[in-house]
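Here's a quick briefing to read with the model open in your viewer. Have a look at the structure first, then go through the points below.

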Amino acid sequence: MATVNLRAAPLEAAPTVELGRARALWIAIRRKPLGAAAAALIAIIVLTAVFADVLAPYDPLAARPEIRLAAPSWEHPFGTDDIGRDVLSRIIYGSRISLWVGLLAVGIGTVAGMIIGLLSGYCEGRTDLVLQRLMDGIQAIPGLVLALAIVSVLKPSTTNAMLAIAVVIIPGNSRIVRGAVLAAKQNRYVEAAQAIGCRHPRIIVSHILPNVTAPILVIASIWLGNAILIEASLSFLGVGTQPPTPSWGLMLSSTGRAFMEQAPWLALFPGLAISLAVLGFNLFGDTLRDAWDPKLRRG
Amino acid sequence: MYKYTLRRLMLAVPVLLLSSLIVFGLMRVMPGDALTVLMGESGNIGEKELAKIRRDLRLDLPYYQQYLLWLWQMVSLHPGDSIFTGEPITTSLAKAIPVTLELAALAMILGLIVAVPIGVLSATRQDTPSDYVGRVVAVSGLSLPDFWLGTLVITFAAIWFHWIPAIGYVSLWESPLRNLQQFLLPAAVLGFRLSAATMRMTRSTVLEVLREDYVRTAWAKGLEGRIVVYKHALKNALIPVVTIVGGQLGTLLAGTVIVETIFALPGMGRLTVEAILFRDYPVVQTNVMLVAATLVTLNLVVDLTYAWLDPRIRYR
């Protein structure tokens with residue numbers, strides 16, 4: 001067992017990370033206007049989802065066949081679909097599905113990935129070997145294809161799409177956490193904690209976990225954009241959210257493609273909403289990465 | 001190099017076995033089994049017939065025997081028949097694989113043709129308008145979903161040029177011109193997304209390499225700009241680009257699923273989506289496994305290429 005000379009190497013104080021991180025993020029946002037724009041974009045999407053009831057001018061499910069396929073106008077800024085539903089209202093409500101699926105899928109995927117990564121990195125040896133090979137096995141299947149296979153086994157629905165996306169997220173997250181744990185274990189305060197007989201759960205929670213939160217948050221923010229994209233792709237292929245629930249991917253595939261010549265706005269606006277959401281989360285993830293974890297920049 | 005190749009091959013085999021276990025396990029986790037769910041949905045099949053189909057498909061065997069049997073079927077290239085069409089899966093795959101291969105290869109070529117020169121231009125003219133345009137194109141390529149881009153391309157091609165995707169696939173050998181007409185737009189859509197990450201990587205590595213001493217020496221010798229950039233800088237800058245291109249193979253394979261569906265190309269992706277929609281699980285598990293095997297093999301090839309390009313890798 002490694003010996004620790006406490007007198008020669010005094011325990012390093014755990015940095016007051018939270019305050020430092022908030023400041024680093026603020027500085028990064030001020031320096032990079034693109035980061036600020038991304039944060040604003042995300043704020044708009046979140047507020048739209050939260051206040052959809054207030055913001056949507058019409059009921060997203062109310063059909064008015066007499067105004068079907070109406071072009072964009074002051075009354076219906078994004079036009080109407082094939083059964084006369086207001087496209088703007090459906091896009092506003094659609095933000096709820098996208099955000100909900102994104103947040104839950106990333107939440108589940110991140111927590112599961114974190115647990116596996118922590119176990120893998122902390123225990124090393126056989127546990128690490130078995131867990132990481134399992135992650136290799138999952139990662140060998142492209143994300144969308146794996147999500148499609150999972151949804152095919154369960155049943156097409158928003159919840160199952162969300163679970164499938166969570167499974168896709170786990171391996172990458174576990175890798176990042178494992179790396180961060182292996183690095184954190186090298187710190188002398190972890191060795192010292194082991195030397196004075198701290199129990200493993202306490203070492204993991206108090207001494208290692210604070211070191212891995214930054215990479216986890218950075219990866220989670222980048223994954224949010226991807227999760228929204230995968231949900232939209234699954235819905236587009238007909239195995240995600242089911243009609244008549246307004247989902248951006250579904251709007252694009254069902255009415256958007258069927259009436260593309262007569263009503264191109266049906267394809268234009270939902271796609272624009274997906275692109276802006278993905279762009280916002282990608283750029284914000286980049287900003288977080290620059291602010292908190294410069295080592296990940298090339299990753 | 002042999003030792004390195006052997007080591008990488010040894011690592012690829014367990015990964016593939018684990019993937020096969022995951023795919024097999026996935027198809028067996030649904031309550032009851034695939035067939036009960038499937039027949040329950042159609043609702044017009046008796047218990048006796050169900051038991052017979054189950055026996056024919058060997059679903060009555062214990063799981064480990066089913067797995068070993070499936071593994072043997074996959075290795076011996078006889079993965080069984082589709083539940084719906086009754087057609088051998090190999091027959092459908094023989095029709096679908098060339099379509100996907102052509103689409104993926106064309107997308108890769110188009111992507112690289114666009115990405116590398118723009119990446120170099122962006123780096124050599126850093127912080128000029130052409131650099132900004134290049135970077136905006138790259139970021140938008142990463143954020144535009146390929147199913148949206150594909151839908152828009154079809155929509156506006158139909159509105160402006162009255163072009164709609166041809167129904168019925170024509171192979172390259174039958175009529176090269178009609179085949180190219182069918183593949184050019186889908187490959188461009190897929191290639192655009194691929195080019196974005198490659199463009200960003202080329203730009204940053206060329207920028208890095210342009211600051212190296214040997215490039216300064218090349219300038220000092222009085223060499224022409226083009227030779228410095230393309231012969232001295234680009235050659236070394238391309239090594240990390242190979243990794244990025246390799247890392248995108250998964251995106252490329254997943255992208256074919258979407259693009260083939262939009263442009264009505266009868267490839268592997270569309271075959272898989274249709275099998276999923278009809279819950280044709282023998283086809284789903286074979287296709288997913290095949291995609292995983294292709295990806296692992298391609299990643300192996302990329303790693304070996306990387307080791308060949310950069311001798312430091314193989315001695316690690």
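Gln262(A) is exposed, because just 11 other C-beta atoms lie within 10 Å of its own and a count of 12 or fewer puts a residue in that class. Keep in mind that this is a predicted model. Gln262(A) sits in the loop that links α10 (248-258) to α11 (265-292) of chain A. Its C-alpha atom is 9.8 Å from that of Ala70(A), although the two residues are 192 apart along the chain.

**Backbone oddities in chain A**

- As background, most residues other than glycine have a negative phi, and most peptide bonds are trans.
- Leu69(A) goes against that habit with a positive phi of about 55°, and it is not a glycine.
- You'll find Leu69(A) in the loop between α3 (52-55) and α4 (87-123) of chain A.
- Is Leu69(A) buried or exposed? Neither label fits: Leu69(A) counts as partly exposed, because it has 16 C-beta neighbours inside 10 Å.
- Glu124(A) is another residue other than glycine with a positive phi, this one near 50°.
- The loop between α4 and α5 (125-139) of chain A is where Glu124(A) is placed.
- Glu124(A) is partly exposed too, since 14 other C-beta atoms lie within 10 Å.
- Pro243(A) and Pro244(A) are joined by a cis peptide bond, with omega at about 10°.
- Pro244(A) belongs to the loop between α9 and α10 of chain A.

**Chain A overall**

- Chain A has 11 helices and 0 strands.
- The C-alpha trace of chain A spans about 85 × 45 × 30 Å along its principal axes.
- Of its 299 residues, 48% count as buried.
- Take the contacts in chain A with a separation of 6 or more: 70% of them are between residues 24 or more positions apart.
- How many of the 11 residues of α10(A) are buried? The count is 8, so α10(A) is largely enclosed by the rest of the structure.
- Among the buried residues of α10(A) are Trp248(A), Leu250(A), Met251(A) and Leu252(A), along with Gly249(A) and Ser253(A).

**Nonpolar cores**

- The largest nonpolar core has 136 residues, and the members that touch the most others are Val145(A), Ala147(A), Ala149(A), Ile150(A) and Ile165(A).
- Helix α9 (residues 200-236) of chain A gives this core its largest share, 17 residues.
- Ala147(A) is in contact with Ala164(A), Ile165(A), Val168(A), Ile230(A) and Leu234(A), if you leave aside neighbours within four places in sequence.
- Another core, of 21 residues, lies apart from the largest one; Ala196(B), Leu210(B), Ala233(B) and Leu234(B) are among its members.

**Where the chains meet**

- The contact between the chains involves 40 residues of chain B and 36 residues of chain A.
- On the chain B side, at least two residues come from each of α1 (2-28), α6 (129-143), α7 (146-161), α11 (249-262), α12 (268-277) and α13 (281-309).
- Which helix supplies the largest share of the side of chain B that touches chain A? That is α1(B), with 9 residues.
- By class, the side of chain B that touches chain A has 32 nonpolar, 7 polar and 1 charged residues.

**Helices in chain B**

- α11(B) and α12(B) pack with their axes 7 Å apart, at an angle of about 85°.
- That angle makes α11(B) roughly perpendicular to α12(B), because values from 65 to 115 degrees fall in that class.
- From α11(B), the contact takes in Thr256(B), Val257(B), Glu260(B) and Thr261(B), while α12(B) brings Met268(B), Gly269(B), Arg270(B), Thr272(B) and Val273(B).
- The contact of α11(B) with α12(B) divides into 3 nonpolar, 4 polar and 2 charged residues.
- Helix α3 (residues 47-56) of chain B is hardly covered, with 0 buried residues among its 10.
- Just after α3(B) comes Arg58(B), which has a positive phi of about 60°.

Notes. Residues are numbered from 1 along each chain as its sequence is written. Chains are lettered from A and ligands numbered from 1 in the order in which they are written. This is a predicted model: local features need pLDDT of at least 70, side-chain atom pairs count only at pLDDT 80 or more; totals for chains, interfaces and linings use all residues. Two residues are in contact if their C-beta atoms, placed from the backbone, lie within 7 Å. Helices (H or I, at least four residues) and strands (E, at least two) are DSSP runs, numbered from the N terminus. Ala, Val, Leu, Ile, Met, Phe, Trp, Tyr, Cys and Pro count as nonpolar, Asp, Glu, Lys and Arg as charged, and the others, Gly among them, as polar. Axes are lines fitted to C-alpha atoms, for helices over the stretch in contact, and angles run from 0 to 180 degrees between N-to-C directions. Angles under 35 degrees count as roughly parallel, over 145 as roughly antiparallel, 65 to 115 as roughly perpendicular and the rest as oblique. A nonpolar core is a set of buried Ala, Val, Leu, Ile, Met, Phe, Trp, Tyr and Cys residues joined through C-beta atoms within 7 Å. A residue is buried if 20 or more other C-beta atoms lie within 10 Å of its own, exposed if 12 or fewer, and partly exposed in between; C-beta atoms are placed from the backbone.
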